[in-house]
Amino acid sequence: MLHNLIAEFMGTALMIIFGVGVHCSSVLKGTKYRGSGHIFAITTWGFGISIALFIFGNVCINPAMVLAQCLLGNLKWNAFIPYSVAEVLGGVIGSFIVYIMYADHFKVSADEISPITIRNLFCTAPAVRNLPRNFFVEFFDTFIFISGILAISEVKTPGIVPIGVGLLVWAIGMGLGGPTGFAMNLARDMGPRIAHALLPLPNKADSDWQYGIIVPGIAPFVGAACAAWFMHGFFGIG
């Protein structure tokens, strides 16, 4: 259990280092890749998740996936809370590492970039705030995400899962990510959101806990549960 918890912690932290890092790289003043845009960012998220899976192996790095695996009987229920906590903490520490790397750029960006944009480097936010619709988007994105991972995992070719999951993240980000930023993962959003609340950022925006709890917090669990039941009932995956 301890080995698995450390793997979940480090795998999630690495995912966040790539993901929050690319947002900082493309937005903050003075970076070499400022203005690279969303295709640059989404591609880095996909590749970063692939690398995390290659390094740490059969990890969930997502409390929604932990729930799906518990529902399918692949993990014991007593793993759900410890795994999820380890993943959220990984998200916090990964964000701290990114802040240290980009601290000079945060400093020179303070007078030019809005506090809300700075917050959104860490966590997701809706393009149009409509909580019921935002909830549905994150539910559906996660349903496709977890269903896709379960299907990809049925292919037993070595190395296919990390590559397939990276491509899946890339496709979801491009096709479905526009409304909410496709969190699909409590640890991906809540860990960096907690870090944003704790970091010594000037003129800091509110961390928007209402959105963080309702949409990227709850919706991925609903999507993951439906995905587990669908993939098990329709395809016999379990």
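This briefing walks through the salt bridges, aromatic pairs, nonpolar core, surface patch and record-listed regions of the structure above. The model is predicted, so local features are reported where pLDDT is at least 70 and side-chain atom pairs where pLDDT is 80 or more. Two items are good places to start: a salt-bridge network that links Lys29, Arg34 and Glu112, and a nonpolar core of 56 residues, the largest in the model.

**Salt bridges**

- The count of salt bridges comes to 4, and three of them are described here.
- Glutamate 112 and lysine 29 meet through their side chains in a salt bridge, with 3.5 Å from N to O.
- Glutamate 112 sits in the loop between helix H5 (103–109) and H6, while lysine 29 sits in the loop between H1 and H2, so this pair ties together parts that are 83 residues apart in sequence.
- Glutamate 112 also meets arginine 34 in a salt bridge, here at 2.7 Å from N to O.
- That second pair again links distant parts of the chain, with glutamate 112 in the loop between H5 and H6 and arginine 34 in the loop between H1 and H2, 78 residues apart.
- The members of this network are partly exposed: glutamate 112 has a relative accessible area of 43%, lysine 29 is at 35%, and arginine 34 is at 37%.
- Elsewhere, the side chains of aspartate 208 and arginine 129 form a salt bridge of 2.8 Å, N to O.
- Since aspartate 208 lies in the loop between helix H9 (186–198) and H10 and arginine 129 in the loop between H6 and H7, the pair ties together parts that are 79 residues apart in sequence.
- Aspartate 208 counts as buried because its relative accessibility is 13%, under the 20% limit, whereas arginine 129, at 43%, counts as partly exposed.

**Aromatic pairs**

- There are 12 aromatic pairs by the rule used.
- One of them joins tyrosine 33 and phenylalanine 40 in a tilted arrangement, 6.0 Å centre to centre with 50 degrees between the planes.
- Both partners count as partly exposed, tyrosine 33 at 47% relative accessibility and phenylalanine 40 at 30%.
- Phenylalanine 143 and phenylalanine 230 have ring centres 5.7 Å apart and planes at 50 degrees, so this pair is tilted.
- The pair brings together distant parts of the chain: phenylalanine 143 belongs to helix H7 (residues 131–152) and phenylalanine 230 to helix H10 (residues 209–235), 87 residues apart.
- Phenylalanine 143 counts as buried at 18% relative accessibility, but phenylalanine 230 counts as partly exposed at 35%.
- These two rings are part of a cluster linked by ring pairs, made of Phe136, Phe139, Phe140, Phe143, Phe230, Phe234 and Phe235.

**Nonpolar core**

- Within the largest nonpolar core, of 56 residues, those with the most contacts are Cys24, Leu28, Phe106, Ile118, Phe122, Phe145 and Ile146.
- Helix H1 (2–27), H2, helix H3 (63–71), helix H4 (80–101), helix H6 (115–122), H7, H8 and H10 each give this core at least two residues.
- H1 supplies the largest share, 8 residues.

**Nonpolar surface patch**

- On the surface, Ile39, Ile51, Phe54, Ile55, Ile163, Leu167, Trp170 and Met174 make a nonpolar patch of about 770 Å².
- Helix H2 (38–56) and helix H8 (160–176) each contribute at least two residues to the patch.
- Among the patch residues, isoleucine 39 is placed in helix H2.
- Isoleucine 39 counts as exposed because its relative accessible area of 57% is over the 50% limit.

**Regions listed in the record**

- An unreviewed UniProt entry lists residues 6–28, 40–68, 80–102, 135–153, 159–187 and 208–231 under "transmembrane region".
- In the model, residues 80–102 are 96% helix and 0% strand, and the C-alpha atoms at the two ends are 33 Å apart.
- Residues 135–153 are 95% helix and 0% strand, with 27 Å between the end C-alpha atoms.

Key: Residues are numbered from 1 along each chain as its sequence is written. Side-chain values use heavy atoms; hydrogens and water are left out. Patches are made of residues with over 30% relative accessible area and no salt bridge: like charges are joined within 9 Å, nonpolar side chains (Val, Leu, Ile, Met, Phe, Trp, Tyr) within 5 Å. Accessible areas come from the Shrake-Rupley method with a 1.4 Å probe; for residues, only the protein chains shown count as cover. Helices (H or I, at least four residues) and strands (E, at least two) are DSSP runs, numbered from the N terminus. Buried means under 20% relative accessible area, exposed over 50%, partly exposed in between (1.4 Å probe, protein chains only). Rings of Phe, Tyr and Trp (its six-membered ring) pair if their centres lie within 6.5 Å; planes under 30 degrees apart count as stacked, over 60 as edge-to-face and the rest as tilted. UniProt positions are given in the numbering used here, feature names are shortened, and annotations may be inferred rather than shown by experiment. A nonpolar core is a set of buried Ala, Val, Leu, Ile, Met, Phe, Trp, Tyr and Cys residues joined through side-chain atoms within 4.5 Å.
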